[in-house]
Amino acid sequence: MSYFVWAVILLIVLLLAWFSTRMSKQEEDDDLHDTGLAILEFGRAFPNEAIRALHATANGQAVFVRLHDNKAGFMRHMRNHYACHLIEPGTVRVRPLAKDTGFAVEFLDAPFHNGEFTFATPQQAAEVSLWLLGNYVAPSDIEVAETPGKATS
């Protein structure tokens, strides 16, 4: 009889352990898509940068950030925090994927962030790729292009 009682107690403990791990996994998955947490993390990493917009990938593992002065940022979920990266002009290469909802990015100054990123809609992918394209051009190149008639050597 005592073996039966101990077996029931062990079964209850195992069920509670399984249930608690499932609940904590669900909470982690919910945090991945929390844009408020992404805003706070990026603000902590770069307090002098104002965020205009952000788009998370379809799986929630990465967030692309558009900043106030047309710069861009990138955040990748790394277990229990976000790794934040400010994209400098000219340090990113983008190539399209077969599906129109994503693209592949190569960060020249942070190769560990390289990867293929897919978004929920093609419009989000297009908007983020335009952010990266706008960030690709150096500010000095924009100033030269904006001043018509200015001779360059």
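A residue is called buried when its relative accessible area is under 20%, exposed when that value is over 50%, and partly exposed in between. Keep those cut-offs in mind, and let us walk through this predicted model together.

Start with I12, which sits in helix α1, the stretch covering residues 2-32. Its relative accessible area is 46%, so I12 counts as partly exposed. I12 also has company: together with F4, V5, W6, V8, I9, V13 and L16, it makes a nonpolar surface patch of about 790 Å². If you find helix α1 in the picture, you can look for these side chains along residues 2-32.

Now step back to the whole protein. Its secondary structure comes to four helices and seven strands. Reading from the N terminus, the order of the elements is α-α-β-β-β-β-β-β-β-α-α. The chain has 153 residues, and 27% of them count as buried.

How much confidence does the predictor place in the protein? The average pLDDT is 81, and 80% of the residues score at least 70. Strand β7 has the highest confidence, at 93, while helix α4 (residues 139-146) has the lowest, with a mean of 54. A word of caution belongs here: where pLDDT is low, the predicted coordinates should not be read in detail.

Next, turn to the strands. Three of them form an open sheet, in the order β5-β6-β7, and their pairing is antiparallel. The strands at the edges are β5 (92-96) and β7 (115-118), each of which pairs on one side only. From one strand to the next, the twist averages 30 degrees.

Let us look more carefully at β5 and its partner β6, which covers residues 102-107. A hairpin of five residues joins the two, and they pair in the antiparallel sense over five bridges. You can trace this pairing residue by residue: V94 has V105 of β6 as its bridge partner, and R93 stands opposite E106.

That second pair deserves another look. Side chains of opposite charge can pair when their charged atoms come close. The side chains of R93 and E106 meet in a salt bridge, at 3.8 Å from N to O. Because R93 lies in strand β5 and E106 in strand β6, the pair ties together parts that are 13 residues apart in sequence. How open are these two residues to the surroundings? R93 has a relative accessible area of 46%, so it is partly exposed. E106, at 34%, is partly exposed as well.

The R93 and E106 pair belongs to a count of four salt bridges. Another one is formed by K71 and E49, whose side chains meet at 2.9 Å, N to O. Here K71 lies in the loop between β2 and β3 (72-78), and E49 in the loop between α2 (35-45) and β1, so this pair ties together parts that are 22 residues apart in sequence. What does the accessible area say about each partner? K71 counts as partly exposed because its relative accessibility is 22%, above the 20% under which a residue is called buried. E49 counts as buried because its value is 18%.

K71 has a further partner, D69, with the closest N and O atoms 3.7 Å apart. D69 has a relative accessible area of 40%, so it is partly exposed. Through shared partners, salt bridges join E49, D69 and K71 into one network.

Our last stop is a residue in a loop. T57 is found between β1 (51-56) and β2 (62-67). Is T57 buried or exposed? Its relative accessible area is 5%, so T57 is buried. To place T57 in space, find R76: the two are 19 residues apart in sequence, and their C-alpha atoms are 9.9 Å apart.

Notes. Residues are numbered from 1 along each chain as its sequence is written. Side-chain values use heavy atoms; hydrogens and water are left out. Patches are made of residues with over 30% relative accessible area and no salt bridge: like charges are joined within 9 Å, nonpolar side chains (Val, Leu, Ile, Met, Phe, Trp, Tyr) within 5 Å. Accessible areas come from the Shrake-Rupley method with a 1.4 Å probe; for residues, only the protein chains shown count as cover. Buried means under 20% relative accessible area, exposed over 50%, partly exposed in between (1.4 Å probe, protein chains only). Two strands pair if DSSP finds at least two bridges between them. Axes are lines fitted to C-alpha atoms, for helices over the stretch in contact, and angles run from 0 to 180 degrees between N-to-C directions. pLDDT is the predictor's confidence in each residue, from 0 to 100.
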